[in-house]
Amino acid sequence: MNYLTVENISKSYGELTLFENISFSVHKDQKIAFIAKNGTGKTSILNILSGSDVADSGNIIYRKDIKVSFLSQDPKFDATLTVEDTILASDNPILKVISNYEKALLNPEDTDTYQASFEAMERHQAWDFETLYKQILFKLKLEHLEQKVSTLSGGQKKRLALANALINKPDLLILDEPTNHLDLEMIEWLEDFFAKENITLFMVTHDRYFLERVCNEIIELDEGELYSYKGNYSYYLEKREARIEQEAVETGKAKQLFKKELDWIRRQPKARTTKSKSRIDDFADIKHRANQRRKDHQIQLELNMERLGSKILEFHKVSKAFKEKTILNGFDYTFKKGERVGIIGKNGTGKTTFLNILTQSAVPDSGKVVKGETVKFGYYTQSGITIKPEQKVIDVIREFGDYIPLKKGRQISAQQLLERFLFSRKKQYDFVEKLSGGERKRLYLCTVLIQNPNFLILDEPTNDLDIVTLNVLESFLLDFPGCIIVVSHDRYFMDKVVDHLFVFKGDGVIEDFPGNYSDYRIYEDSLPIETKTTEDKKDKQSWKQNEASKLSFNEEKELRNIESKLNALAFDKKDLESKFNNPDLTQEQINDLSQQLQSIIQIIESKEERWFELSAKLEG
């Protein structure tokens with residue numbers, strides 16, 4: 001059953017063409033993710049679908065009588081209403097029944113009104129629905145139903161908009177970055193919710209685990225063309241790689257044909273036959289195909305950062321509280337070279353406050369933070385760039401520096417840095433207010449890196465970044481020689497980048513877990529229910545520290561690094577194996593792939609052997 005048809009829509013802003021003649025459809029029970037690079041029009045397409053913007057051409061056709069809900073990146077509410085009033089003000093008829101019943105409860109002396117509202121609740125089976133919507137609000141940490149919308153943070157408003165969309169139980173739900181401003185527990189609950197509920201989805205998201213577990217189809221807008229993949233994220237990666245390789249083969253063949261036809265064109269006399277003119281017309285198409293180039297730039301920066309000394313960063317009995325809410329309680333930790341720490345925990349447990357204390361932009365109530373003399377922080381915050389009127393992209397970077405030093409005495413200018421982060425020379429002279437949300441985040445990342453830090457602190461760096469940029473950022477961070485601290489709800493990103501976790505439990509409890517997020521989830525799931533209390537987890541933390549003491553610090557770090565590398569190598573092995581499915585491979589290409597695969601297998605075996613050695617020592 002067709003719910004939505006998009007026919008040949010186009011959108012331009014002045015000379016900038018976002019997309020042309022885009023067509024696709026959404027059918028019942030599909031869960032579709034829409035993927036494209038930042039700045040190519042993802043949010044514009046969603047705005048057109050919601051009616052908050054219009055296409056320059058083309059048609060949007062919804063099936064008659066279906067219920068559609070939208071989640072935008074920047075939801076708008078009546079600031080005078082409470083959380084509950086906002087929910088009850090929607091068009092859902094059952095919510096109106098619940099609203100009337102709750103008003104009747106306030107006036108029990110009006111027995112006729114109360115009886116009528118009670119019977120309406122029975123007739124519409126609204127009791128279960130009331131339980132559902134309050135459960136959704138609870139899961140999204142919106143329990144204070146009387147709180148005014150005007151007092152909510154941006155993240156709370158996004159969660160309220162998501163709750164509104166879910167509660168309305170639409171036939172078709174259209175979502176723009178649904179996992180932004182959700183903590184990891186909320187994201188996993190939302191995955192389960194979509195798995196159980198019979199809702200058709202069309203979404204833009206950069207959360208690759210969410211794509212993997214929720215979506216059954218992916219539509220990609222790449223170089224102005226739409227491609228559809230009937231599967232999840234792993235399937236998309238496999239088929240996309242095969243498509244790009246096939247395109248490269250076809251472009252190579254077109255180049256050969258172009259040379260041949262160009263030679264023929266040059267030898268032709270001015271007076272040509274009809275047959276010759278037809279061949280000349282075909283030549284234009286061959287020339288176009290031969291000159292096609294993909295714009296898959298890679299960020300390759302061999303930073304020549306200032307060397308970290310023996311003392312990097314130390315926490316000594318640090319405590320911090322806000323009224324009765326404890327964030328840190330006598331926290332002790334000494335950071336070592338090359339540490340890659342991920343920070344996870346529910347919203348409100350103090351993750352950002354911890355980062356502010358770490359960078360000394362906030363003061364602890366007691367204890368002290370000692371920073372080494374050679375440490376230079378690069379702090380990427382959630383607040384992003386402060387836009388000045390009529391400021392150009394290049395000017396933003398130059399406020400922080402004109403160049404960045406590289407190894408071997410080389411350097412890279414602000415312009416070259418922007419180019420490597422996918423800003424063309426023309427784009428660098430655009431006004432910042434013209435950039436998309438994701439492009440602004442990418443620009444902000446440049447302003448942090450051009451200061452050449454040796455200790456990177458990234459607070460939700462993946463929000464609004466496209467998947468292409470995320471892959472590039474991950475590659476850069478894997479090669480970054482300094483220390484890294486990451487707060488992120490992006491589980492795929494955390495798994496790839498960090499070696500161990502600070503798990504913020506609340507009430508000042510911070511658990512140091514030796515592994516990435518997936519390791520932690522396996523550990524959590526393996527615990528008996530009766531042991532999953534704060535006190536028992538403290539005991540397990542002490543037990544882990546005692547066990548780890550059987551290894552030296554370097555061995556413990558090596559063990560964590562091996563586990564992280566094995567995960568990455570397994571992904572690379574799977575990616576290489578999928579390339580053998582291409583039927584157009586030459587014998588030379590097959591031999592080359594075989595050598596690469598054998599090399600990865602040997603590395604995996606070597607690292608597994610070392611892992612067993614260290615594990616045996618740990619258990620001995």
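1. Let me start with helices α4 (residues 111-123) and α5 (residues 126-139), which in this predicted model pack at an angle of about 80°, their axes 6 Å apart. Angles of 65 to 115 degrees count as roughly perpendicular, and α4 and α5 are therefore roughly perpendicular to each other. On the α4 side, the residues that meet the partner helix are Phe118, Met121 and Glu122. Their counterparts in α5 are Ala126, Trp127 and Glu130.

2. The pair α6 and α7 is worth a look next. Helix α7 spans residues 184-196, and its packing angle with α6 is about 15°, with 13 Å between the axes. Since angles under 35 degrees count as roughly parallel, that makes α6 roughly parallel to α7. The contact is made by Arg159, Leu162 and Leu166 from α6, together with Met186, Trp189, Leu190, Phe193 and Phe194 from α7. As for handedness, α6 and α7 cross in the left-handed sense.

3. Two of those contact residues turn up again in the largest nonpolar core. This core has 53 residues, and the members touching the most others are Ile136, Leu140, Leu166 and Phe194. Helix α6 (residues 154-167) supplies its largest share, seven residues. Where does the core lie with respect to domains 1 and 2? Domain 1 (1-66 + 171-231) and domain 2 (79-153) both contribute residues, so the core lies between them.

4. Phe194 deserves its own point. Setting aside neighbours within four places in sequence, Phe194 is in contact with Lys31, Leu166, Leu173, Leu175, Leu201, Phe210 and Val214. Leu166 thus appears both among these partners and, with Phe194, in the contact of α6 with α7.

5. Please don't overlook the other core, which lies apart from the largest one and has 41 residues. Its members include Ala414, Ile484, Val486 and Val497.

6. Further along the chain, Ser594 sits in helix α20 (residues 587-619). Is Ser594 buried, exposed or partly exposed? Its relative accessibility is 33%, and partly exposed covers the range between 20% and 50%, so Ser594 counts as partly exposed. The C-alpha atoms of Ser594 and Leu576 are 8.8 Å apart, with the two residues 18 positions from each other along the chain.

7. Finally, some totals for the protein chain. It has 20 helices and 20 strands. Of its 620 residues, 47% are buried. Among contacts with a separation of 6 or more, 68% join residues 24 or more positions apart.

Notes: Residues are numbered from 1 along each chain as its sequence is written. This is a predicted model: local features need pLDDT of at least 70, side-chain atom pairs count only at pLDDT 80 or more; totals for chains, interfaces and linings use all residues. Side-chain values use heavy atoms; hydrogens and water are left out. A nonpolar core is a set of buried Ala, Val, Leu, Ile, Met, Phe, Trp, Tyr and Cys residues joined through side-chain atoms within 4.5 Å. Buried means under 20% relative accessible area, exposed over 50%, partly exposed in between (1.4 Å probe, protein chains only). Helices (H or I, at least four residues) and strands (E, at least two) are DSSP runs, numbered from the N terminus. Domain bounds come from an automatic or database domain assignment. Contact means heavy atoms within 4.5 Å. Axes are lines fitted to C-alpha atoms, for helices over the stretch in contact, and angles run from 0 to 180 degrees between N-to-C directions. Angles under 35 degrees count as roughly parallel, over 145 as roughly antiparallel, 65 to 115 as roughly perpendicular and the rest as oblique. A crossing is left-handed if the near helix is turned anticlockwise from the far one by less than a right angle, and right-handed if clockwise.
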